[in-house]
Amino acid sequence: MSASITFIVYVDDAPEAARFYADLLELKPTFETPGYISFSLGDGADLALWSGHADGGPNPGAPRTGEVCLCLPGAPEAIDRRYEQWVAKGVRVVSEPADMVFGRTFVVADPDGNLIRVAPVD
């Protein structure tokens, strides 16, 4: 059996966060409980949203310090197109598209303040 990996994003309200991520990433949840919802990213990787404060997760309103990175294939124009799509959805922009050493990138935040970076595939 090969190993798998789950990236856990702490949220205050898992169902609300799941609606946000499902719309943003155009994915459907593959596992749902009231406080833990996950999405399959393929090849043994999942993105999970967990509101398990009483079960050892962070307290509501705790500062968010990590980021999830969505890596897109294509030229810098692909990054700009995704930025325009997400802005049209009303996503809160943290940093607008800019050219960095690794390529074009931008950062948005989910409703809990977790950061989502979009960058090119390495």
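This is a short walk through the strands of the structure and a helix that packs on them. The model is predicted.

Start with strand 4, residues 45-50. This strand is mostly covered, with 5 of its 6 residues buried. It has strand 1, residues 5-10, as a parallel partner, and 6 bridges link the two. Within that pairing, I5 has A45 of strand 4 as its bridge partner.

Strand 3, residues 36-42, also pairs with strand 4. Here the two run antiparallel, again with 6 bridges. F39 stands opposite L47 of strand 4. Strand 3 and strand 4 make a hairpin, with 2 residues between them. In the turn sits D43, whose phi is positive, at about 50 degrees.

Now move on to an open sheet of 4 strands. Its order is 5-8-7-6, and the pairing is mixed. Strand 5 (67-72) and strand 6 (92-100) are the edge strands, and each pairs on one side only. On average, neighbouring strands of this sheet are turned by 15 degrees against each other, direction ignored.

Look at the pairing of strand 5 next. Its partner is strand 8, residues 115-120, in the parallel sense over 6 bridges. C69 stands opposite R117 of strand 8.

What packs on this sheet? Helix 2, residues 76-88, does. This helix touches strand 5, strand 6, strand 7 (103-109) and strand 8. The direction of helix 2 makes about 15 degrees with that of strand 7.

One general point helps when viewing any sheet. Side chains in a regular strand alternate between the two faces of the sheet.

Key. Residues are numbered from 1 along each chain as its sequence is written. This is a predicted model: local features need pLDDT of at least 70, side-chain atom pairs count only at pLDDT 80 or more; totals for chains, interfaces and linings use all residues. Side-chain values use heavy atoms; hydrogens and water are left out. Two strands pair if DSSP finds at least two bridges between them. Axes are lines fitted to C-alpha atoms, for helices over the stretch in contact, and angles run from 0 to 180 degrees between N-to-C directions. Contact means heavy atoms within 4.5 Å. Buried means under 20% relative accessible area, exposed over 50%, partly exposed in between (1.4 Å probe, protein chains only).
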